[in-house]
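I opened a fresh notebook page for this one and kept my entries short. Have the viewer ready and follow along as I go.

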Amino acid sequence: MLYGFQIQPMSTSTTAAADTSRRDLGLWFLHQSRLGSLRGPADMDEDEDEDSPTELNTNNSSGGFLVVSPDKLSAKYTNVNLHGHDVGVVQANKPAPVKRLVYYFEIYVKDAGAKGQISIGFTTENFKMRRQPGWEVNSCGYHGDDGLLYRGQGKGEAFGPTYTSDDRVGGGINYATQEFFFTKNGTVVGTVPKDMKGPVYPTIAVHSQNEEVQVNFGQQPFAFDLKEYEAQERMKQQMMIEKISVPTNVSHGIVRSYLLHYGYEDTLNSFDMASKSTVPPVYIAQENGFDEQDIVYALNQRNTLRQLVRNGEIDSALVKLREWYPQIVQDDISATCFLLHCQKFIELVRVGSLEEAVKYGRIELAKFFGLPVFEEIVQDCVALLAYERPQESSIGYLLEESQREVVADTVNAMILSTNPNLKDSNGFLHSYLERLLRQLTACSLERRSLSGDQGEAFHLHRVLNSCKKPKLGAS
């Protein structure tokens, strides 16, 4: 519920969608405008709020066989190894975080001791703390004395080189591939499927006299280039996506429907000309699912109004609306009128006409004072007057180009909704392209949910912004 207006997701029933279409669509876009003030870097970095290991857990270790340093970042084997149960094992104080692409930690072998029976790996919370990682079920460990990998069985498997004093060895989890991986001196040794369920803890073990290791949970630079590894993993994902073949006529149809929907008439004409000049020409068949009748409606008028709003010419836009679509602005306290009047006020502030802005606000914005549905944005707009540099303030979002786009999109959708032959009751809110992207987002979130919410959270804006290709622009 938003300001008393029920916002329905696009995947709801047609009954709910029809109900939405009967309401003031401007309220939906008012919600989008408000989101602009709430979004921040934290929305894109979910893993920042997730606890990560910071030290060794001295409350859950085989303390009789090792000594943990006061800073809880190193461990030394102090006894004489008599048998297989005399292992000095210690876990991290927290499980490996899961809401990211990769988790990684490292150890530095300060002293390989008498036998070099050091290991690094991952174990579950109830792991027997007198056994090497990998010797028991629900554990995995890379061992330094023989270079073998152990995965819950007494017998190890060939994996990598041995390691000894002065080596830096790392263990990581690639959540995209669901694999453990291990490194030695900055180079990946190998990978193995992550077949352990539930939280897993970074774990180290020492097993012969004077063995000593220091642990790095990220407080110091790693020998392994983790950022480069993550970049390579994202590149692999991007290459897999790019291998997916989409027929040219389908991709052109999607782009063309986007331009039509938002009234980018000039760009659409250029796009059509370019499509005809290809060899062979791109032919967009109607059976691909694109019904242009709904979005061709009032193309020229929508293009004109979008340009006026994007240029900050709100008075001219209001004149055109009253001439062409008076029903849209006949209710002077509708959300659509509110956004237009707010934008006019914002444009006056943008050019420094503060006295005129105050006068305009007293006449036009005063109508909305005391109406809870508009209260927050009215306060933000008026607050622009209090800042010498409002662009740098917490309400600077109002002066961004994206705010003009919200208003332009509102006007565009309201005009599309007046089409008497409208077939798709949701069609005026989102283009086909955006509906595909919404479906992609939903599928990505569902896929992550099925894996226990492991891996990097899907953020469409981050994916699109990471693309080095030119951004789709239109006029």
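**Entry 1: a first pair of strands.** I started at F122, whose bridge partner in β7 is C140. Around that pair, I found strand β6 (residues 119-123) and strand β7 (residues 139-143) joined in the antiparallel sense by five bridges. A reminder to myself before going on: this is a predicted model.

**Entry 2: the sheet around that pair.** Next I looked up which sheet holds β6 and β7. It is an open sheet of seven strands, and I read the order as β1-β4-β13-β6-β7-β8-β9, with antiparallel pairing. At its edges I noted β1 (56-61) and β9 (157-158), each of which pairs on one side only.

**Entry 3: the chain as a whole.** I stepped back for some totals. I counted 15 helices and 14 strands in the protein chain. Of its 475 residues, 45% are buried. I also checked how contacts spread along the sequence: among those with a separation of 6 or more, 67% are between residues 24 or more positions apart.

**Entry 4: another sheet.** In what order do the strands of the open sheet with β2 and β12 run? I traced β2-β3-β14-β5-β10-β11-β12, seven strands with antiparallel pairing. Its edge strands are β2 (66-68) and β12 (187-193), and each of them pairs on one side only. I then looked up the twist: neighbouring strands here are turned by 20° against each other on average, with direction ignored.

**Entry 5: β3 beside β14.** I found three bridges between strand β3 (residues 74-77) and strand β14 (residues 212-216), and the two run antiparallel. For A75, the bridge partner in β14 is V213. I also followed helix α3 (residues 226-242), which packs on this sheet and touches β5 (102-111), β10 (168-174), β11 (179-184) and β12. The direction of α3 makes about 145° with that of β5.

**Entry 6: Q214.** I picked out one residue of strand β14, Q214. Is Q214 buried or partly exposed? I noted a relative accessible area of 33%, so Q214 is partly exposed, since buried would need a value under 20%. Leaving aside residues up to four places away in sequence, Q214 touches L73, S74, E106, I107, Y108 and K110. I also looked up V109: it lies 105 residues from Q214 in sequence, yet the two are 6.6 Å apart in space, C-alpha to C-alpha.

**Entry 7: β10 and its partners.** How many of the seven residues of β10 are buried? I got six, which leaves this strand mostly covered. Seven bridges join β10 to β5, and these strands run antiparallel. One place to look is I107, which stands opposite V169 in β10. With β11, I found six bridges, again with the strands running antiparallel. Here G170 has T183 in β11 as its bridge partner. β10 and β11 form a hairpin with four residues between them, and I flagged Q178 in that turn for its positive phi of about 55°.

**Entry 8: α4 against α5.** I moved on to the helices, keeping in mind that two packed helices are described by the angle between their axes and the distance between the axes. Helix α4 (residues 248-261) packs with α5 at an angle of about 160°, and their axes are 9 Å apart. Angles over 145 degrees count as roughly antiparallel, so α4 and α5 get that description. I noted their crossing as left-handed. From α4, the residues H252, V255, R256, L259 and L260 meet T267, L268, F271, D272 and S275 in α5. By class, I sorted this contact into five nonpolar, three polar and two charged residues.

**Entry 9: α5 against α7.** Is α5 oblique or roughly antiparallel to α7? I found that the axes of helix α5 (residues 265-276) and helix α7 (residues 299-310) come within 9 Å and cross at roughly 120°. That makes α5 oblique to α7. In this contact, E265, D266 and L268 in α5 meet L299, N300 and N303 in α7. The classes came out as two nonpolar, two polar and two charged residues. L268 is a residue I had already written down, as it also appears in the contact of α5 with α4.

Note on methods:
Residues numbered from 1 in each chain as written. Predicted model: local features only at pLDDT ≥ 70, side-chain atom pairs only at ≥ 80, totals over all residues. Heavy atoms only, no water. Pairing = 2+ DSSP bridges. Axes fitted to C-alpha atoms, helices over the stretch in contact; angles between N-to-C directions. Contact = heavy atoms within 4.5 Å. Parallel < 35°, antiparallel > 145°, perpendicular 65-115°, else oblique. Nonpolar A, V, L, I, M, F, W, Y, C, P; charged D, E, K, R; others polar. Left-handed = near helix turned anticlockwise from the far one by under 90°. Buried < 20%, exposed > 50% of the residue type's maximum accessible area, 1.4 Å probe, protein only.
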